[in-house]
Amino acid sequence: MTNLSIGNLLRRPEAGAFLGMLAVILFFLVFGGVNFLKPAGIASWLNVAANIGIIAIPVGLLMIAGELDISIGSMIPAGSMIVAILSGHYELPMWISILAVLGFGAIIGTINGLLVVRTAVPSLIVTLGTLFAVAGMVLGLSVLITGTTSVAIKAPALYKAIFGQFIGGTYQVLILWWVAVSVVSVFYVHYTKYGNWIFALGGDRESARNAGIPTTRVTITLFILSACSASFVGMCQAILFNSAQVSAGMSYIFNVIISVVVGGVVLTGGFGSVVGIVFGTITFAVVNQGIYFTGFDRNWSSLIIGVMLLAAVLMNNTFRHMALNYAPKKK
Amino acid sequence: MTTPVLELRSVDKSFGPIDVLHKISLKVRAGEVLCLLGDNGAGKSTLIKTLAGVHKPTRGQILMDGKEVSFDRPRDAQDMGIATVHQFGGTFPLMSIGRSFFVGAEPTKGWGPFKIYDRKKANEIAVKAVQDFGITRVDDGDRLIGGLSGGERQSLAIARAVHFGARVLILDEPTAALGVKQAAHVLRIVKEAQRRGLAVIFITHQVMHAMAVGDHFAVLIRGAVAADFVKGQKSREEITDLMAGGETMADLEAQISSDLATADGHPSPATL
């Protein structure tokens, strides 16, 4: 049995995402020229991809497990504002802010997870609620504490080097974090039993519980991971740009979901891969940024993204169908 | 006579004021197939859920090997060796055979945080377990469950239960959604499980399927055991009539033919 035949590669969840990525890179190479793949060009989309990608992986895992988390849209500004208010406004040490940012992510993630597990309310609605609740809380508290919706922060050099600076003047250090998150996730999702649990959860929650999987714990852990990833990205953005805004982050909800779906994750759960999500994120970022390298009006990019999303979903359906109907040939 | 592996002694189950099960007493021994027959709403599902630990009986006893047991949750029943296989196999369509076989009990290799899921071993064991049950078409553990036929899925689920040490196998309408060939397939698997000494509780409303494999039959009507008999004591027609609650097949035929004669095949307004 050969594992490297074309057929086997095409049946993997990331097959569509990989072909899609190649297609958009080729498209923008043709219409945008080689600048697009020169270091500065690569940085433009890689930076966008890293910011989305760190959040897209845990959100994608949640989607594989059959849940959705849109509260990330307000967790990003929450992360930014917590670090800016604690270390910028109050001038507390950075490590306290970092703990607070991740702690807040853990709290909101736990609330999301508990509400989804304990009630029969769909996670879309639960996280829609926390999305607005957190956004309101961040806005209210920021104005109450600092009197403004935009707070400056000047992080010490060490923390800037770790969380928010441009390597070589163009590449955000967040790219390295993204690579690390991807590698760790690939290992845990595809090579350990925990990954198996996530897929089982998305396949059939009841059977998964009967098989002895701690479904409640897995679900809450995934919600905590997605909330923490969003507040972490928010924190890094504040450190990078030396300031935090209350309103940044809502566009991430759609961008992340598009990246995950283009990456081959099935909305109903049970199918997908981390590598696919990475490909999907790159694809989205390339389309999002590539338009600047072409002669096209910027306004057309949403059209391209929309068509791409639909094409991706259709293509993923085809590939999934192939995977399902696969049977080894009679020997 | 050997002690029954699983026995119910006048088990009642009510949800609030509604009595769903009434004085159910049943026994199943190792290497025996007990067929539970009943029309929709007769209380079959509630009975299965009580056996599987989802519900606790309101009154009455559940005994295993002659000792009284009590299940607080499905896991307790599983730990005692009671495995339930549901109509659609209770498996994960988009997972591979090997992975779904070992869900919740994944074989691993390695050390500490680097323990990895042992795909090769999982696939080998899963494929062998299924093939031992005579399903030779399944030979690649990487195939997705969704690509298997309904009968193969059922067989896989039964093989899985046996592999993980089930002593009592509860099959919830395993043949209901299957074609004739696939159903025959599953019935063979049921026989195989019986041959291996499992106690099998086979729930169905298809009398033919029950008669093909059953040693012992119980008919449920409105939550009570209406008849309890062993193989060969009753004919197919008698069982069908019992399940319909005393209304005989002949009555039903007469009703249908009178409808046909009077109202172009639609039920006559008077009976609606």
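A:D204 sits in the loop of chain A that joins helix 9 (193-203) to helix 10 (205-210). This is a predicted model, and A:D204 is a convenient place to enter it. With a relative accessible area of 25%, A:D204 is classed as partly exposed, because that value falls between the 20% limit for buried and the 50% limit for exposed. A:A65 is 139 residues away from A:D204 in sequence, yet the two C-alpha atoms are 9.2 Å apart in space.

Three further positions in chain A can be read in the same way. A:V117 belongs to helix 5 (residues 94-118) of chain A. Its relative accessible area is 27%, so A:V117 is partly exposed. Once neighbours within four places in sequence are set aside, A:V117 is in contact with A:T216, A:T219 and A:I220. A:R217 lies 100 residues from A:V117 in sequence, with 9.4 Å between the C-alpha atoms.

A:S182 is part of helix 8 (residues 174-191) of chain A. Is A:S182 buried or exposed? Its relative accessibility is 12%, and therefore A:S182 counts as buried. Beyond the residues up to four places away in sequence, A:S182 touches A:I57, A:V274 and A:V278.

A:T318 is found in helix 14 (residues 301-324) of chain A. A:T318 has 46% relative accessibility and so counts as partly exposed. Although 307 residues separate A:T318 from A:R11 along the chain, their C-alpha atoms are 9.5 Å apart.

A:R11 appears again when the enclosed spaces are considered. Rolling a probe the size of a water molecule over the atoms shows where empty space is left. How many cavities of 30 Å³ or more does a search of the whole structure find? The search finds 3. The second largest of these cavities holds about 50 Å³ of space. A:R11, A:R12 and A:P13 line this second largest cavity together with A:G264, A:V266, A:F271, A:N316, A:F319 and A:R320. By class, its lining has 4 nonpolar, 2 polar and 3 charged residues.

The largest cavity is lined by residues of chain B, and its space comes to about 60 Å³. B:L6, B:E7, B:L8, B:L26, B:K27, B:V28, B:L34, B:L36, B:L51 and B:I201 make up the lining. At least two lining residues come from each of strand 1 (6-15), strand 2 (18-28) and strand 3 (33-38) of chain B. The lining of the largest cavity divides into 8 nonpolar and 2 charged residues, with no polar ones.

The next topic is the packing of nonpolar side chains. The largest nonpolar core has 96 residues, and the members that touch the most others are A:I55, A:M63, A:W178, A:M235, A:V256 and A:V286. The element that gives the most to this core is helix 3 (residues 39-64) of chain A, which supplies 14 residues. What does A:V256 touch, not counting residues up to four places away in sequence? The residues touched by A:V256 are A:I52, A:I55, A:A56, A:V59 and A:I72. There is also a second, separate core of 47 residues, and B:A83, B:V85, B:A193 and B:F229 are among its members.

Chain B as a whole contains 9 helices and 12 strands. Along the principal axes, the C-alpha atoms of chain B fill a box of roughly 75 × 45 × 35 Å. Chain B has 272 residues, of which 48% count as buried. Among contacts in chain B with a separation of 6 or more, 64% are between residues 24 or more positions apart.

The two chains also meet each other. The size of an interface is often given as the accessible area lost when the parts come together. For chain A and chain B, the area buried between them is about 2300 Å², and 57% of it is on carbon and sulfur atoms. On the chain A side, A:N196, A:N210 and A:L324 lose the most area to chain B, and together they account for 24% of what that side buries. Counted by contact, 31 residues of chain A meet 28 residues of chain B.

Definitions and conventions
Residues are numbered from 1 along each chain as its sequence is written. Chains are lettered from A and ligands numbered from 1 in the order in which they are written. This is a predicted model: local features need pLDDT of at least 70, side-chain atom pairs count only at pLDDT 80 or more; totals for chains, interfaces and linings use all residues. Side-chain values use heavy atoms; hydrogens and water are left out. On a 1 Å grid over the protein atoms alone, a cavity is a set of points where a 1.4 Å probe fits but cannot get out, and a pocket is an open set with protein on both sides within 12 Å along at least five of seven lines; lining residues have an atom within 4 Å of a point. Grid points are joined across faces, edges and corners, and a volume is the space filled by probe spheres set on the points. Helices (H or I, at least four residues) and strands (E, at least two) are DSSP runs, numbered from the N terminus. Ala, Val, Leu, Ile, Met, Phe, Trp, Tyr, Cys and Pro count as nonpolar, Asp, Glu, Lys and Arg as charged, and the others, Gly among them, as polar. A nonpolar core is a set of buried Ala, Val, Leu, Ile, Met, Phe, Trp, Tyr and Cys residues joined through side-chain atoms within 4.5 Å. Buried means under 20% relative accessible area, exposed over 50%, partly exposed in between (1.4 Å probe, protein chains only). Contact means heavy atoms within 4.5 Å. Buried area is the accessible area (1.4 Å probe) that two parts lose on being put together, summed over both.
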